[in-house]
Amino acid sequence: MKNKKLIIIISIISVVAALSAALTAFFIVKDKQKKDDEELMEYLDNSIE
């Protein structure tokens, strides 16, 4: 019985850690993409002038 509870607790912690890592990676990629888009727009604006 104790082993089942321990396995469930470890599973829950693992799922939470995996979701946190996935969300962090998602937001980092989105932020980098946004910065790249801004740099590209700035470059295009400057090259037109």
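## Exercises on a one-helix model

The 7 positive and 8 negative charges of the protein have mean positions 29 Å apart. Here Lys and Arg count as positive, Asp and Glu as negative, and His and the chain ends are left out. Each charge is placed at NZ of Lys, CZ of Arg, CG of Asp or CD of Glu.

This is a predicted model, where local features need pLDDT of at least 70, side-chain atom pairs count only at pLDDT 80 or more, and totals for chains, interfaces and linings use all residues. Residues are numbered from 1 along each chain as its sequence is written, and side-chain values use heavy atoms, without hydrogens and water.

**Exercise 1. Describe the overall fold and its surface.**

Step 1. Count the elements: the protein has one helix and zero strands. Both are DSSP runs, numbered from the N terminus (helices: H or I, at least four residues; strands: E, at least two).

Step 2. Take the box. Along the principal axes, the C-alpha atoms fill roughly 75 × 5 × 5 Å.

Step 3. Check burial. Of the 49 residues, 0% count as buried. Buried means under 20% relative accessible area, exposed over 50%, and partly exposed in between (1.4 Å probe, protein chains only).

Step 4. Add the area. The protein exposes about 4,900 Å², and carbon and sulfur atoms supply 68% of it. The areas come from the Shrake-Rupley method with a 1.4 Å probe.

**Exercise 2. Find the salt bridges and place them on the helix.**

Step 1. Recall the idea: side chains of opposite charge can pair when their charged atoms come close. A salt bridge needs a side-chain nitrogen of Lys or Arg within 4 Å of a carboxyl oxygen of Asp or Glu.

Step 2. Count them. The structure holds two.

Step 3. Take one pair. Asp-31 and Lys-35 meet at 3.7 Å, N to O. Both lie in helix α1 (residues 2-48), four residues apart, about one turn of the helix. Asp-31 is partly exposed at 39%, and Lys-35 is partly exposed at 47%.

Step 4. Take the other pair. Lys-32 and Asp-36 meet at 3.2 Å, N to O. They too lie in helix α1, four residues apart, about one turn. Lys-32 counts as exposed at 51%, whereas Asp-36 is partly exposed at 35%.

**Exercise 3. Locate the patch of negative charge.**

Step 1. Apply the rule. Patch residues have over 30% relative accessible area and no salt bridge; like charges are joined within 9 Å, nonpolar side chains (Val, Leu, Ile, Met, Phe, Trp, Tyr) within 5 Å.

Step 2. List the members: Asp-37, Glu-38, Glu-39, Glu-42 and Asp-45 gather on the surface.

Step 3. Check one of them. Glu-38 is found in helix α1. Glu-38 counts as partly exposed, at 46% relative accessibility.
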